[in-house]
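Here is a short report on a protein structure. It looks at enclosed spaces and at the contact between chains.

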Amino acid sequence: MQSTFAPIELGKRGIIAHTQGLQTVGHNMSNAGVEGYSRQRVEMNASPPLYFPQLNRENTPGQIGQGVEVSRIGRIKDMLLEGRIVSEENVQGFWEARDKYLLMLEQIHNEPTEYSVRALLDRFWESWQDLSLNPTDLASRRAVLQRSKALTDGIHDRYHRLKSVRDMIEGDIRGTVSRVNSLGGEIADLNSEIMKVQALGDNPNDLMDRRDKLVSEMSSIVDITVTYNDPGEMVVTTGGMHLVQGKHHESLALEADAANEGYSRVVWDDTRGTAVFRGGTLASLLELRDGDTRGEVQALDLMTVNFTDMVNEVHRRGFGLDGAAGTDFFVEQPFVLDVAGNYDSNGDGAFDSSRVFRVTGANTLAPKDLLGLAGTLTLPGSAGPVAVDYQPTDTVEDLITRINLSGSEIAARLNSEGKLSLRGMPAEDTANPDFVIRGLEDSGQFLVGYSGILRASGPAGAYAWAQADAVNALRQDGAQYAVAPLAHPAGWIEVNPRLMENPGSIAAASGLAGRSEGIGDGATALAIAQLRTRPVMIGFASTFDSFFADRIAAIGLKGEEAARSLETVNLVMKELKDMRESLSGVNIDEELTQMISYQHGYAAIARFVTTFDEMLDVIINRMGV
Amino acid sequence: MKRISTQLPSYDASYYMRLREWRMNDMQNKMAAQSRIKDLRDDPLAAARSARLQSEILRTDRWEKNVETVRNRLATGEGHIRSAVDVLQRIRELGVEGANGILDRNQMGYIGEEVNALLGELLIIGNAKDESGNYLFSGSLSRTEPFRLTQGHVPGGSGDMVTSVDYLGNVGRSSAEISEDAEVGVNLPGNVVFWAEQQQIYSTIDARQYRVQSDSTIRIDGAEIRLSTGDTVSAVMAKINDANAPVKARLDPVANSLVIETTLPHQLWLEDIGGGTVLQDLGILSSGDSHPPLNTARSARVFGGSLFDQVIGLRDAFLEGSAEKVGSSGLRGIEQAITSLSGVLADVGARDARLETTGKRLAWEKPELVRFDSQERDLDLAEAITRLKSLEYTHEAALNTAARVLKPSLLDFLR
């Protein structure tokens, strides 16, 4: 037996359900343009029938339906797809930052134009050619000075632009780290909201959309993994460390790194341990700052140091119009002040290391001579010592090539007098200083008796930088050394001011035993002009020409890779987002048809209520009692 | 069932339009800059090659300039040498005239005066300067007058006359680079150009027991020769003969002393370098630090003289009135001077020919390099325009489509 008024209750349910349906349609249409919004659907079920036949078997066939009810409002979202988008965001964030900054680095090269450092260097060599033909001509001397000034200005400018890119990246890192922290906080807050709502058995659709959006933004910055441990507890980790766990989150912090020119290191706020990232904007920025940009600065420094050293080496042996000899053409400041290269690295007031840039042997070697000796050289490399073997059948030239290609941070060449010259290279590890020879050891006699650099062979006679007066291991009679630059050479190189005041002191002439060949001699000028194509060994590049070509190709290829990768990931991202959009996006036409159906449903159920009302009216008012 | 969201077509349209607009902008930039490499990433390898080529072009330019400069200098020198030859020809004519023996003493004297005047002319040529005030024939001592005159009374002559001419320049040979690793000598040292006879220096010290006492260096005509401890005189001679200098060393068969002689008429230029004493010990050079050519040992005998010595000899023979001397040593000296000068002219001509060849090669190479560079760097305008046009066309089509697709919705039909 059922209630007389039951159909009215049924009608009310129908009206409420359809109103809710219509409201959701409205909500969907209103949010059609909101980024990250996923459309919502009202799921309606038939209400459970009023009674259960097994309880009371009355003479009624079947169960009597009780209308409709809204079981849940769900969002339509593929969490698997969302996971892929989140991980692609990471790749996209990485390449976006890389593409942007590499383009800046490329533009700093100014190639291939007539305003690049390479072009200025070409003009510098050209002016020496001119001087070699007109050594007595003051105009040619002034031209050399002006071109040199233009070159040093060009090098300074490039250095400062690289430096400002590095500073810009540093600023970007600071901003990015604080963004990670605020994202972590927001996600943690949302987590606690979501947990509360879910505890009540509701679906916090809009909050979840918002959280998904924040997670994908976070993923573009750092490489994260998202897991849902306990029901409702969401965990975000990076590199095995928790960033967010439920309503808690960990912060990142910055620490100035003295070994890395004061640029900051990203650490965990609580443990102060270094945070390591493998993807996303932050990893990209760190790599750009300490890898690519630092590499560019180091390459420029390397070029400058070698260039200065070699021009000075030739220039010092030449003679000016005034008979002056032994003048440096370029000056660099500040170098290590101690003549033995002793330096106090940790600032405790005592010398603890020796910073020597170049050592030159006492003996004159011929490149084609057979060594007739066997042994192993131990040289410092980026990842520990590098061993270079030599056999009696090797020529001097062979061994020099082998040293240069060994991957050690030492470059070897025979200088203009045919003496073996070993030079420190930029260090790959920020903990090691650039342009410092960190160690030399020879188990045989090549570095010892043959070329005349070290006093003794074996570990006992090894040269090691991490002590004061390390130069005592060098041969005292004839082995020469030059101390290392402290600051970036590219930022400091200047033409010797004495020459600027007195162009006559520029050494164009050669001479012997302290006597100039005469003011009309241009041999030194020619020798300087010819350094351009001489094998000078700046790193792997043998000449200045190949050095520049190599740098151009290297940075260009990096940029090309970044641009291509970004384009690829953009396409992938577009595909994925299209897929998400096609699943979760709002389609107005669809919503409108839904609206029409709810509208008509509403009208129909309202009609039902009216009809039943009329029926009740018949019973109540017109039935004759 | 496939579905899309209402926003999707507009997202798509804007994505592709942005991409295309970026490409059009990129293309337009490249066309404006007339370069296919706007950023290095556009073609890193071509950019690297282009940088190399640009350096190479600048260098080739420089070599061309060097070739021109050196040719001009040699031409200036050659002009002076030619006039010296002309003067010498005139002197020879006078010599032939005087050697007849039919002239009387007075007439011989007059000719002597004329030869003296011509000597003056030769000295002016020897001390000639170029346009920037540098002496042409002083080696690398550009501002030092190469030939110093000593004047005095000459028997039979009237007034002071030049009695000897000393060379004060040096043997410095400056060179210019005319292509990769190729150099050419620029200057003409006066003691080569104006030299008439082979020069010989005879030491008087028996050198058979000689050993070099310590590693030392000697320099002959600017070429350095390294000697090691214990070298015997034959080792020293072998090293001198092997050196890159037109000089020969031998032992005098009688005195067993060292003899150094030229193989091409010029003045010997011998030095002990850096405190070594090998040539001093061998009795060739004097001790002390006097510079060449005034550093030969007093005991050594020196033969062979300059062109000026020959003319002075002829003049003196005329003034003396000795037709026999004029005809023998006088004329022979002049002949040698002319031969030697002609040799120098031939050398200058050969150098000039080499420079001309190099110049032609450079002139041919440069446009090639420019062309290679252009291939690497410059934009193919026809292709660029075609591509820009096709981008433009597709862009227009896309806009058109977007306008059509994005417009209608169910809303347009709901009343």
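How much space lies in the second largest cavity? About 30 Å³. The model is a predicted one.

**The cavities**

A search of the whole structure turns up 2 cavities of 30 Å³ or more. The table sets them side by side.

| Cavity | Volume | Nonpolar lining residues | Polar lining residues | Charged lining residues |
|---|---|---|---|---|
| Largest | about 70 Å³ | 2 | 2 | 5 |
| Second largest | about 30 Å³ | 3 | 5 | 1 |

Take the second largest cavity. Its lining consists of A:G21, A:T24, A:V25, A:N28, A:Q40, A:R41, A:V42, A:Q594 and A:Y598. Three elements of chain A each supply at least two of these residues: helix 1 (6-30), strand 1 (40-46) and helix 13. Helix 1 of chain A gives the most, with 4 residues.

Now the largest cavity. Chain A lines it with A:D122, A:W125, A:E126, A:Q129 and A:R532. Chain B adds B:S55, B:L58, B:R59 and B:R62. Helix 3 of chain A and helix 2 (44-98) of chain B each supply at least two residues of this lining.

Two of the lining residues, A:E126 and B:R62, also pair with each other. Their side chains meet in a salt bridge, at 3.3 Å from N to O.

**The contact between the chains**

That salt bridge links chain A to chain B. How many salt bridges are there between chain A and chain B? The count is 12. Polar contacts across this interface join 37 residue pairs, with both residues at pLDDT 80 or more.

Which helices of chain A each supply at least two residues of the side that touches chain B? They are helix 2 (79-109), helix 3 (117-133), helix 11 (523-531), helix 12 (544-584) and helix 13 (588-622). Helix 12 of chain A gives the most to this side, with 20 residues. By class, the side of chain A that touches chain B has 21 nonpolar, 21 polar and 22 charged residues.

In total, 64 residues from chain A and 59 residues from chain B take part in the contact. The size of an interface is often given as the accessible area lost when the parts come together. Between chain A and chain B, the buried area is about 5200 Å². Carbon and sulfur atoms give 52% of that area.

**Where the two topics meet**

Helix 3 of chain A belongs to both accounts. It supplies at least two residues of the lining of the largest cavity, and at least two of the side of chain A that touches chain B. Helix 13 of chain A also appears twice. It helps to line the second largest cavity and supplies residues to the side that touches chain B.

Conventions
Residues numbered from 1 in each chain as written. Chains lettered and ligands numbered in written order. Heavy atoms only, no water. Contact = heavy atoms within 4.5 Å. Buried area = accessible area lost by both parts, 1.4 Å probe. Salt bridge = Lys/Arg side-chain N within 4 Å of Asp/Glu carboxyl O. Polar contact = N/O pair within 3.5 Å; in protein donor to acceptor, adjacent residues only side chain to side chain. Nonpolar A, V, L, I, M, F, W, Y, C, P; charged D, E, K, R; others polar. 1 Å grid on protein atoms, 1.4 Å probe; cavity = no way out; pocket = protein on both sides within 12 Å on 5 of 7 lines; lining within 4 Å. Points joined across faces, edges and corners; volume = space filled by probe spheres on them.
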